[in-house]
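Hello,

Here is the structure for you to look over. My notes follow below it.

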Amino acid sequence: MDAVRTIALSCVFTLVTQASFGQATPDTANIPQPHLARSRAEAFQDNNWKFPALITCYPNEGQPAEKVIKDPGPAKAADNFYFLGDGIVAAWAVDTPGGIILIDTLNNKEEADKYIIAGLQKLGLDPARIKTIIVSHGHGDHYGGARYLQDKYGAKVYMTALDSDFMEKNAGRNPVWGPPPRRDQVAMDGQTVTLGDIGIKLFITAGHTPASLSLLIPVKDKGRVRTLLYLGGITNKGLTAEMHSAYDQWTTRLLAVSAEQKPEGVIGNHSSYDEAATKIEKLRARPEGANPFFTGPASTLRYLRVLKECNLNNAEIERAQRK
Ligand SMILES: [Zn+2]
């Protein structure tokens with residue numbers, strides 16, 4: 001593990017091993033955890049302990065993510081939807097007739113060159129067509145390449161006002177992160193960002209940061225429009241009571257939105273939370289088969305319910321530990 005990759009793990013928890021599941025750590029042994037039991041009951045209906053949202057319930061232990069998730073390389077995840085991250089952090093691109101919408105920009109210029117620009121070229125897409133960049137939140141592993149791409153291609157950059165403040169306040173905290181992008185488009189809750197024939201709906205989902213963004217992204221899969229729910233701030237440990245409460249509110253809200261709109265899968269900005277690398281491998285092995293990114297509306301709701309219960313559980317543990 002080199003230094004850069006170690007630092008890159010700024011907002012993703014390491015994967016937990018199976019052995020760590022279900023074991024209370026010494027400092028939580030005497031704290032009742034009813035929400036943990038509920039989240040596990042949900043996860044067990046789907047994919048047992050491997051259900052990725054369940055990671056948010058457990059302590060930061062086990063193997064570092066990069067030891068178990070190798071770089072998948074640039075990949076086509078659906079007809080017009082592309083993965084451009086490494087094995088840890090994701091950037092996604094939606095290709096439209098009006099240009100490319102890029103979601104997140106990795107740590108810095110070097111990573112933007114290596115994974116985003118070269119990645120698009122390998123996939124047969126022209127990076128100069130990046131017209132719109134949506135930055136999910138104000139941590140440098142997501143905004144670090146944005147200034148470079150903004151300068152190079154003149155792309156519009158969308159970010160929430162609160163996370164722009166947060167980003168600028170913390171810029172330079174980590175030497176790996178590129179400089180913040182210049183303030184451009186203020187992303188608003190409920191707004192639809194449109195390019196070409198694609199409209200991406202934005203939701204402010206506070207908690208991980210003051211105003212992370214989550215998205216409903218309509219992509220095409222084998223010619224059919226199918227919606228994915230992108231979650232822009234998944235981890236929920238070590239938050240203030242107010243942030244835990246904000247997180248609870250957005251999970252409740254997105255459960256209602258998802259019950260109505262029925263997004264067919266969850267994606268995120270770290271591979272440990274959406275298993276993107278594994279899904280890409282499956283897709284490469286069987287391109288004609290069912291696309292593994294679309295796990296179904298029931299699985300999407302389950303993902304959100306697990307996040308909700310894990311957040312409530314972490315809030316209770318942290319409250320008890322503060323006493
Ligand atoms: Zn983060």
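Start with Phe166: it counts as partly exposed, because it has 19 C-beta neighbours inside 10 Å, and a residue is buried only at 20 or more. Bear in mind that this is a predicted model. Phe166 sits in helix H7, which covers residues 161-170. Leaving aside residues up to four places away in sequence, Phe166 touches Gly138, Thr209 and Pro210. His139 is 27 residues from Phe166 in sequence, yet the two C-alpha atoms are 8.5 Å apart.

Next, the sheet. It is open and has 7 strands. Their order is S1-S2-S3-S4-S5-S6-S7, and the pairing is mixed. Strand S1 (75-78) and strand S7 (185-186) are the edges, each pairing on one side only. Inside that order, S5 (residues 130-134) and S6 (residues 156-159) run parallel. They are joined by 3 bridges. Thr132 stands opposite Lys156 of S6.

Then the core. The largest nonpolar core holds 81 residues. Which residues have the most contacts inside it? They are Trp92 and Ile133. Ile133 lies within the residue range of S5, 130-134. Again setting aside residues up to four places away in sequence, Ile133 touches Lys156, Val157 and Tyr158, among others. Its contacts also include Ala155, as well as Ala146, Leu149 and Gln150. Leu102 and Thr105 are on the list too.

Now helix H10, residues 276-285. Its buried residues are Ala276, Ala277, Lys279, Ile280 and Leu283. Viewed down the axis of H10, they fall within an arc of 160 degrees, so they line one face of the helix. What covers them? The cover includes two strands of the sheet, S1 and strand S2 (81-83). It also includes strand S12 (266-268) and helix H9 (271-274).

Last, confidence. The mean pLDDT of the chain is 88. Of its residues, 87% reach 70 or more. Two stretches need care. Over residues 1-9 the pLDDT stays under 50, and the model gives this stretch 14 contacts beyond four places in sequence. Residues 12-24 also have pLDDT below 50. That stretch has 32 contacts in the model beyond near neighbours in sequence.

Best wishes

How values were computed:
Residues numbered from 1 in each chain as written. Predicted model: local features only at pLDDT ≥ 70, side-chain atom pairs only at ≥ 80, totals over all residues. Core = buried A, V, L, I, M, F, W, Y, C linked by C-beta atoms within 7 Å. Buried ≥ 20, exposed ≤ 12 C-beta atoms within 10 Å, placed from the backbone. Contact = placed C-beta atoms within 7 Å. Pairing = 2+ DSSP bridges. Helix = DSSP H or I, 4+ residues; strand = E, 2+ residues; numbered from the N terminus. Arc of directions from axis to C-beta. pLDDT = per-residue confidence, 0-100.
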